[in-house]
Amino acid sequence: MKLKVTMMLAAALAMAAAGPLAAQEQGAPEQAPPGAEQAEVWLAEAQGISRQLAGLQQQVLADPQIAQQRAELTARVEQAMAAADPTLEEELAHASELEPAMAAAQEAGDDERLEELVIQARELETRFLQAQRTALEDPELSRVVLAFNERMRDRMAELDPETPRLIERLEELGQMLQTATQ
């Protein structure tokens with residue numbers, strides 16, 4: 001099970017959410033719901049910040065000691081998640097098929113299939129996050145994860161002092177996008 005799956009599922013869901021907006025840009029006569037244009041701006045900003053933070057994270061992970069700590073921690077979390085939801089790993093193996101299937105459905109204008117795939121992605125994401133939450137109920141594991149994340153943020157901030165502000169803004173955008181899609 002790869003922890004990157006949540007990013008992949010999020011990207012697939014974002015692509016599906018952007019579908020109606022992309023159709024409008026291509027001259028489709030359908031009107032955007034109120035706030036859709038603002039949500040698109042927020043999504044673009046969030047994606048830009050995510051790319052910037054991912055670059056900083058990769059620079060920090062170039063340190064072999066940090067990379068080793070991350071690999072060990074990832075293995076511990078994945079083991080705890082597998083114990084929390086034993087069938088999740090097998091289902092996540094098929095998650096990589098969702099993004100191209102969504103793109104194909106969107107390209108073909110098959111809204112029914114796209115909605116079906118979005119539902120599958122959301123269900124997988126929900127199960128993944130629930131297994132992750134359950135795993136992190138272990139106080140020792142949770143403490144180790146929080147300490148590692150704090151070390152990562154500190155190292156990223158050494159590279160770019162704007163890191164704390166970027167993380168805060170990304171969290172704000174996530175909340176605004178979540179509110180806008182409800």
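1. Ala-80 is partly exposed in this predicted model, its relative accessible area being 23%, and since the cut-off for a buried residue is under 20%, Ala-80 falls outside that class. The residue is found in helix H3, and once neighbours within four places in sequence are left aside, its contacts are with Ala-135 and Leu-141. Ala-80 also lies 8.0 Å from Gln-132, C-alpha to C-alpha, although 52 residues separate the two in sequence.

2. As to the overall architecture, the protein chain contains 8 helices and 0 strands, so that the order of elements from the N terminus reads α-α-α-α-α-α-α-α. Of the 182 residues in the chain, 29% are buried. When contacts between residues at least 6 apart in sequence are considered, 78% of them join residues at least 24 apart. The chain exposes about 11500 Å², and 53% of this area is supplied by carbon and sulfur atoms.

3. The largest nonpolar core comprises 36 residues, among which Leu-53 and Leu-73 touch the most other members. Two or more residues are given to this core by each of helices H2 (36–61), H3 (64–84), H4 (88–92), H5 (98–108), H6 (111–135), H7 (139–159) and H8 (163–180). Leu-73, with residues up to four places away in sequence not counted, touches Leu-141, Val-144, Val-145 and Phe-148; Leu-141 is also one of the contacts of Ala-80.

4. Helix H2 has 26 residues and spans 36 Å from its first C-alpha to its last, which is close to the 38 Å expected at 1.5 Å a residue. Its buried residues are Ala-36, Ala-39, Trp-42, Ala-46, Ile-49, Leu-53, Leu-56, Val-60 and Leu-61. Two of these, Leu-53 and Leu-56, are touched by Thr-163, a residue placed in helix H8.

5. Thr-163 itself is buried, with a relative accessible area of 1%. Apart from Leu-53 and Leu-56, and again not counting residues up to four places away in sequence, Thr-163 touches Arg-153, Met-156 and Ala-157.

6. In helix H5, the buried residues are Leu-98, Met-102 and Ala-105. Viewed down the axis of H5, these residues fall within an arc of 65°, and they therefore line one face of the helix. The face turned away from this buried side carries the exposed residues Glu-107 and Ala-108, and just after the helix Gly-109 takes a positive phi of about 75°.

7. A search of the whole structure finds 10 salt bridges, and two of them may be described for helix H7. Glu-140 and Arg-143, both in H7 and 3 residues apart, or about one turn of the helix, meet through their side chains at 2.8 Å, N to O; Glu-140 is partly exposed at 39% relative accessible area, and Arg-143 is likewise partly exposed at 49%. Glu-150 and Arg-153 also lie 3 residues apart in H7, and the closest N and O atoms of their salt bridge are 3.2 Å apart. Glu-150 counts as partly exposed at 39%, as does Arg-153 at 35%, the latter being one of the residues that Thr-163 touches.

8. In helix H8, the side chains of Arg-169 and Glu-172 form a salt bridge of 3.1 Å, N to O, and because they are 3 residues apart in that helix, about one helical turn separates them. Arg-169 is partly exposed, with a relative accessible area of 23%, and Glu-172 is partly exposed at 32%. Both belong to a network of salt bridges that also links Glu-45.

Conventions. Residues are numbered from 1 along each chain as its sequence is written. This is a predicted model: local features need pLDDT of at least 70, side-chain atom pairs count only at pLDDT 80 or more; totals for chains, interfaces and linings use all residues. Side-chain values use heavy atoms; hydrogens and water are left out. A nonpolar core is a set of buried Ala, Val, Leu, Ile, Met, Phe, Trp, Tyr and Cys residues joined through side-chain atoms within 4.5 Å. Buried means under 20% relative accessible area, exposed over 50%, partly exposed in between (1.4 Å probe, protein chains only). Helices (H or I, at least four residues) and strands (E, at least two) are DSSP runs, numbered from the N terminus. Contact means heavy atoms within 4.5 Å. The expected span of a helix is 1.5 Å times one less than its number of residues. The arc is that of the directions from the helix axis to the C-beta atoms. Accessible areas come from the Shrake-Rupley method with a 1.4 Å probe; for residues, only the protein chains shown count as cover. A salt bridge is a side-chain nitrogen of Lys or Arg within 4 Å of a carboxyl oxygen of Asp or Glu.
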